[in-house]
Amino acid sequence: MLETIETLQDTALAELAAASDAGALEQWRIAYLGSKGKLKDAMAALKDVPKADKPAYGQRVNAAKQALEAAFEARKGALAGGGGGKASGPRIDVTEPGIALPMGKRHIITRVREEICEVFSRMGFDVADGPEVEDDEHNFIKLNIPPDHPAREPIDNFYVEEPDGARADQGGRPRMLRSQTSTVQIRVLDDAIKRGWGPPLKIVAPGRVYRPDTVDATHSFMFHQIEGLYVDRRVTMVDLRTTLLQFAHLYFGADAEVRLRPSYFPFTEPSAELDMKIALKQGEEPKWIELGGCGLVDPKVFEAVGLDPEQWTGFAFGFGIERIAMGRYGIPDIRLLYGGDVRFLGRV
Ligand code: DAH
């Protein structure tokens, strides 16, 4: 009995040594180690072995199994190595320190956007978004910006050149790269009403906006805004002011100085601009820098989405994320944010 196992093991090892590619190796594995293989048969034969010989037989089969498994792994490794186990090429000092790979990180604008959303979500705002290619209904009409308003001039906007007929598919509305994230106010209100999840609602919507501005230290043809919208009953300027002050303190620190300046936007009444005292260059006197606009939602906007302005009130705001990033991290020139210079990106 024991000799049979001995022979089995010898034959198996000889065949394994002859297996010269992955296919042959796998065939060998199935024949000997597989669930219907020869070792299994040998195990099964244990029941026919006389009682006194059972322990010795069992041990021998197990030893054969271990030997064949180890030999299989070794053969597999040698075949995979290609060199048949023989080292070639230069000697490598494995004790030498490795080459450190530089660690990348997320872009400063991405991080600031997430930080701002995080602060607002702590104040109960959900995060929403909308498309960058918009129509003039969302970018202008429903925001109470009438057809003859100068903000709609082609020279101040990126309108999409539509192929013939495309505009008709779209109900005749011109399309454009959105010039402001205020578009998301309309999208969110329409959606909330259609699906019945609001108002009341409280959202912020960060995203890219596009304007044909000449690039300089503070302007770019593409930048980011964060829009805010809160709609509920009896929302007042005090709610707006408190929210913005709280944001400034949470994000910039307890000594952040902000002020609201009266202003005008077609979709808010009253309207204001939020300024913050910021030193963009180290050691420089802080200056009042405009972060963006805000105000109480104009009744015309509520009417445009079919809400009763006698019942609903709200505030809205839209700030430049670049301005906030530049203020928070002392970045003197907006072009640094898009230049892709790793010396700058690695520092901020
Ligand atoms: N959309 C305005 C802009 O891009 C900024 C703005 C002003 C947004 C007032 C608002 C707001 O939500 O209430 O200049």
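Reader: What makes the pairing of a Gln225 side-chain atom with the ligand a polar contact?

Author: A polar side-chain atom of Gln225 lies 2.9 Å from an oxygen atom of the ligand. A polar contact is a pair of N or O atoms within 3.5 Å; inside the protein one must be able to donate a hydrogen and the other to accept it, and residues adjacent in sequence count only if both atoms are side-chain atoms. The Gln225 pair therefore meets the distance limit. The model is predicted, so local features need pLDDT of at least 70 and side-chain atom pairs pLDDT 80 or more, while totals for chains, interfaces and linings use all residues. Side-chain values use heavy atoms, without hydrogens or water, and residues are numbered from 1 along each chain as its sequence is written.

Reader: Which side chains have an N or O atom 2.7 Å from the ligand?

Author: Gln180 has one 2.7 Å from a nitrogen atom of the ligand, and Arg211 has one 2.7 Å from an oxygen atom of the ligand. Both distances are within 3.5 Å, so these pairs also count.

Reader: How much of the ligand does the protein bury?

Author: Taken alone, the ligand exposes 350 Å², and the protein buries 91% of that. These areas come from the Shrake-Rupley method with a 1.4 Å probe; for residues, only the protein chains shown count as cover.

Reader: Which residues come nearest to the ligand?

Author: Gln180, Ser182, Arg211, Gln225 and Glu227 do, out of 15 around it. A residue is near if one of its heavy atoms lies within 4 Å.

Reader: Where is the space taken by the ligand?

Author: That space is the largest pocket, which holds about 860 Å³. A molecule sits in a pocket if more than half of its atoms lie within 2 Å of the grid points. Arg211, Phe223, Gln225, Phe265 and Glu290 are the closest to the pocket centre among 37 lining residues.

Reader: Why is one space called a cavity and another a pocket?

Author: On a 1 Å grid over the protein atoms alone, a cavity is a set of points where a 1.4 Å probe fits but cannot get out; a pocket is an open set with protein on both sides within 12 Å along at least five of seven lines, and lining residues have an atom within 4 Å of a point. There is 1 cavity of 30 Å³ or more. The largest cavity has a volume of about 50 Å³, and Arg241, Leu244, Leu245, Val258, Arg259, Leu260 and Leu274 line it.

Conventions. Grid points are joined across faces, edges and corners, and a volume is the space filled by probe spheres set on the points.
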